Amino acid sequence: MNSFSILILTFSICFELSYGFFARTIRDGNGMTKTHLDITAAGTLRAIDKYIKSNKGSGSIDDFFGEDTNGKDTMMKKVFALRKAVADTQENRKNTAYIHCHADQIDLAHNFVKSCKKKLSSRINDTNEFITQLGECLYTIQSFYSNTNWVEMYGGKVYENFGINTLMDVAALEEDTCLDNADYKYVQSLFRVR
Ligand SMILES: *[C@@H]1O[C@H](CO)[C@@H](O)[C@H](O)[C@H]1NC(C)=O
């Protein structure tokens, strides 16, 4: 491994963080902490807004739906179903380490996300199954940021190759990639989501 290789954290940063983001409710008393529910709802609405702007020629989600409150309600129900599917993944897939992007499973997590596109297109006619599976894919992408030291090294930058192209070099299991830090609150502030 050369000096330009990017190092991925094992579990040394903080034992309490090994489950990554909280699924639904914040349990560390830190108002800056985001849950999988928060991240999914914010990200999904941002993506829908971007899609409407570039494909439907209207300004925002509200402009697009206009008087059609039923249409907007239906969309919001799907967004809520998706964020529930992401949060449920933490419990339902608790015994599958790569879903959580655990340190020794980053390659598998990357390949799992890579397989999502094809898998999801085959579920296009079954909305419930589609949402469940999309939820697992998004959960793994979110877990990349909570279970690796990417944020510590690159802040708010997106790792665009994750689950798409070739994965960067990752640290060997026995390699230390960051210092132990017993101060949980301090570590939380480093891992704040922007
Ligand atoms: C979805 O349904 C349409 C219409 O019945 C069908 O033509 C298409 O092949 C189906 N797609 C998949 C991936 O099952």
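**Close-up 1. F162 sits in the loop between helix 6 (150-154) and helix 7 (184-190).** The model shown here and in the other views is predicted. F162 counts as buried, at 5% relative accessibility. Leaving out residues up to four places away in sequence, F162 touches eight partners named here: C101, A109, H110, V113, T140, I141, F144 and L167. For I141, the separation from F162 is 21 residues in sequence. In space, the C-alpha atoms of F162 and I141 are 7.7 Å apart.

**Close-up 2. C101 occupies the loop between helix 3 (69-92) and helix 4.** The relative accessible area of C101 is 0%, so this cysteine is buried. Its backbone deserves a look. Phi of C101 is near 55 degrees, a positive value in a residue other than glycine. Most residues other than glycine have a negative phi. C101 is also one of the residues that F162 touches.

**Close-up 3. The largest nonpolar core has 19 residues.** The residues with the most contacts inside this core are C101, F112, F144, Y145, W150, Y159 and F162. Helix 4, helix 5 and helix 6 are the elements that give two or more residues to the core. Helix 4 supplies the largest share, six residues. Another core lies apart from this one and has five residues. Its members include I52, I61, M75 and V79. In soluble globular proteins, nonpolar side chains tend to be buried together.

**Close-up 4. C116 and C137 form a disulfide.** The structure holds one disulfide. The sulfur atoms of C116 and C137 are 2.1 Å apart. The link is left-handed, with -100 degrees about the S-S bond. C116 lies in helix 4 (residues 106-121) and C137 in helix 5 (residues 127-147), so the pair ties together parts that are 21 residues apart in sequence. Both ends are covered. C116 is buried, with a relative accessible area of 4%. C137 is buried too, at 3%. A disulfide is a covalent bond between the sulfur atoms of two cysteines.

**Close-up 5. E136, in helix 5, pairs with R93.** The side chains of E136 and R93 are joined by a polar contact of 2.8 Å. E136 counts as buried, at 14% relative accessibility, because the cut-off for buried is under 20%. Leaving out residues up to four places away in sequence, E136 touches T89, R93, I99 and F112. F112 is also among the residues with the most contacts inside the largest nonpolar core.

**Close-up 6. S60 lies in the loop between helix 1 (36-55) and helix 2 (61-65).** S60 is partly exposed, with a relative accessible area of 22%. That value falls in the partly exposed class because buried means under 20% and exposed over 50%. The side chain of S60 reaches the backbone nitrogen of D63 at 3.2 Å. Beyond four places in sequence, S60 touches D49 and I52. I52 belongs to the core of five residues. S60 and K50 are 10 residues apart in sequence, and their C-alpha atoms are 8.3 Å apart in space.

**Close-up 7. S121, I124 and N125 surround the ligand.** A polar side-chain atom of N125 lies 2.3 Å from an oxygen atom of the ligand. Taken alone, the ligand exposes 360 Å². The protein buries 27% of that area.

**Overview. The protein chain has seven helices and zero strands.** From the N terminus on, its elements run α-α-α-α-α-α-α. Buried residues make up 40% of the 194 residues in the chain. Take the contacts between residues at least 6 apart in sequence: 69% of them join residues at least 24 apart. The chain exposes about 11700 Å². Carbon and sulfur atoms supply 53% of that exposed area.

Terms used: Residues numbered from 1 in each chain as written. Predicted model: local features only at pLDDT ≥ 70, side-chain atom pairs only at ≥ 80, totals over all residues. Heavy atoms only, no water. Helix = DSSP H or I, 4+ residues; strand = E, 2+ residues; numbered from the N terminus. Buried < 20%, exposed > 50% of the residue type's maximum accessible area, 1.4 Å probe, protein only. Contact = heavy atoms within 4.5 Å. Polar contact = N/O pair within 3.5 Å; in protein donor to acceptor, adjacent residues only side chain to side chain. Near = heavy atom within 4 Å. Areas by Shrake-Rupley, 256 points an atom, 1.4 Å probe, with all protein chains shown as cover. Disulfide = S-S within 2.5 Å. Core = buried A, V, L, I, M, F, W, Y, C linked by side-chain atoms within 4.5 Å.
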